[in-house]
Amino acid sequence: MIKKTLPNSLKNFVKKILYKNNNLFSSNSQAREDVMLKYLFRKYIYQSYKGFYIDIGAFDPVKGSNTKIFYDYGWSGINIDANPSSIQKFNKHRKHDININIGISEHESIKPFYYFGSKDGINSFSESFITKNGQKNNVKKILKIETKTLSSILDFYLPSSMIIDFMDIDAEGLDFEVLKSNNWVKYRPKILLVELEARNFDNILNHEISKYLSEKNYEPFYRTF
């Protein structure tokens, strides 16, 4: 079945992943996003090329991470999370990365951060997001966290002339605000991964984030579930 349905380029990539990892579906991501990224960067990950990523709402250096496999390949990047516990983990396990405990928003401020626990990925700045998901009564505490724009963070931390191979944004309800805080003339990742609340491709294409990114000359390529 694989031979009949996959193009040669993808079949060859599958063989490499199978022989290298002894598991075709080896993944740290929640929905195997890293498997697709490995395919898209297949010309580089088995060579000496050392790529660079930005992970916003990074949460954990291993569990559910879209960047972990690339770190193992020798890539590096910037991991950003408002949860202090998350950045402590990154400082321990990602010593070659730049790990920043801060929030990203359209304007610099001090925002309430709804904290559910060090191991809970739903921690968020968005009260409406946690209310919509029926989690408001489960908040353990509200932290006061500094936020800055994405462009200001990249101005300060991104190494000079560094190309961003991919950017992963999972800001639990504030993904659009993160996107709007970037300088798209100056900082243009080759690939963007953004969480959308959309059930099908029509919803995706008509989503405000998709329309915004279309104006920035990005287009949808792949959807995970």
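Let me start with tryptophan 75, which in this predicted model is buried, with a relative accessible area of 2%. Phenylalanine 41 is likewise buried, its relative accessible area being 3%, and the two rings have their centres 5.3 Å apart with their planes at 75°, so we call the pair edge-to-face. What I would draw your attention to is that this pair links distant parts of the chain, since phenylalanine 41 lies in the loop between α3 (33-40) and α4 (42-45), while tryptophan 75 lies in the loop between α5 (68-72) and β2, 34 residues apart.

That contact belongs to a wider arrangement of rings. The count of aromatic pairs comes to 14, and ring pairs join Phe41, Tyr44, Tyr49, Tyr53, Phe70, Tyr73, Trp75 and Phe166 into a cluster. Tyrosine 44, one of the cluster members, also has a charge over its ring, namely the charged end of lysine 190, 5.5 Å from the ring centre. There is another arrangement of this kind at phenylalanine 176, where the charged end of lysine 180 sits over the ring, 4.4 Å from its centre.

For a contrast in burial, please look at phenylalanine 156 and tyrosine 157, whose ring centres are 4.8 Å apart and whose planes stand at 75°, so that this pair, too, is edge-to-face. Are these two residues buried or exposed? Phenylalanine 156 has a relative accessible area of 65%, and because the cut-off for exposed is over 50%, phenylalanine 156 is exposed. Tyrosine 157, at 31% relative accessibility, counts as partly exposed.

Let me turn now to the sheets, beginning with an open sheet of five strands, in which the order is β3-β2-β1-β7-β8 and the pairing is parallel. At its edges stand β3 (98-101) and β8 (191-194), and each of them has a single partner strand, so one side of each is left without a neighbour in the sheet. On average, and ignoring direction, neighbouring strands here are turned by 10° against each other. Helix α6 (residues 84-93) packs on this sheet, where it touches β2 (76-81) and β3, and the direction of α6 makes about 165° with that of β3.

Within that sheet, I would like to follow β7 for a moment. Strand β1 (residues 52-56) and strand β7 (residues 166-169) run parallel and are joined by four bridges; among the bridge partners, tyrosine 53 is matched with phenylalanine 166 in β7, and isoleucine 56 with isoleucine 169 in β7. Towards β8, the pairing of β7 is again in the parallel sense, over four bridges, and methionine 167 has leucine 192 in β8 as its bridge partner. As a general point, side chains in a regular strand alternate between the two faces of the sheet. In β7 both faces are covered, with Phe166 and Asp168 buried on one side and Met167 and Ile169 buried on the other.

Which residues, then, have the most contacts inside the largest nonpolar core? They are Ile54, Ile56 and Leu154, in a core of 27 residues, to which β1, β2, α8 (150-157), β7, α9 (175-180) and α11 (208-215) each supply at least two residues. If we set aside neighbours within four places in sequence, isoleucine 54 is in contact with Ile78, Leu154, Leu158, Ile164, Phe166, Met167 and Asp168. A second, separate core has 11 residues, including Phe70, Tyr71, Tyr73 and Trp75, which brings us back to the tryptophan with which I began.

One residue of β2 deserves a comment of its own, and that is aspartate 81, which at 8% relative accessibility counts as buried. Aspartate 81 and asparagine 101 are 20 residues apart in sequence, yet their C-alpha atoms are 5.3 Å apart in space. Beyond its neighbours within four places in sequence, aspartate 81 is in contact with Gly57, Ala58, Phe59, Ser86, Ile87, Ile100, Asn101 and Ile102.

Finally, there is an open sheet of three strands, with the order β4-β6-β5 and mixed pairing. Its edge strands are β4 (103-104) and β5 (109-115), each of which pairs on one side only. Two bridges join β4 to strand β6 (residues 141-148), the two running parallel, and glycine 103 stands opposite threonine 147 in β6.

Terms used: Residues are numbered from 1 along each chain as its sequence is written. This is a predicted model: local features need pLDDT of at least 70, side-chain atom pairs count only at pLDDT 80 or more; totals for chains, interfaces and linings use all residues. Side-chain values use heavy atoms; hydrogens and water are left out. Two strands pair if DSSP finds at least two bridges between them. Axes are lines fitted to C-alpha atoms, for helices over the stretch in contact, and angles run from 0 to 180 degrees between N-to-C directions. Contact means heavy atoms within 4.5 Å. Rings of Phe, Tyr and Trp (its six-membered ring) pair if their centres lie within 6.5 Å; planes under 30 degrees apart count as stacked, over 60 as edge-to-face and the rest as tilted. Buried means under 20% relative accessible area, exposed over 50%, partly exposed in between (1.4 Å probe, protein chains only). A charge sits over a ring if NZ of Lys or CZ of Arg is within 6 Å of the ring centre and within 35 degrees of the ring normal. A nonpolar core is a set of buried Ala, Val, Leu, Ile, Met, Phe, Trp, Tyr and Cys residues joined through side-chain atoms within 4.5 Å.
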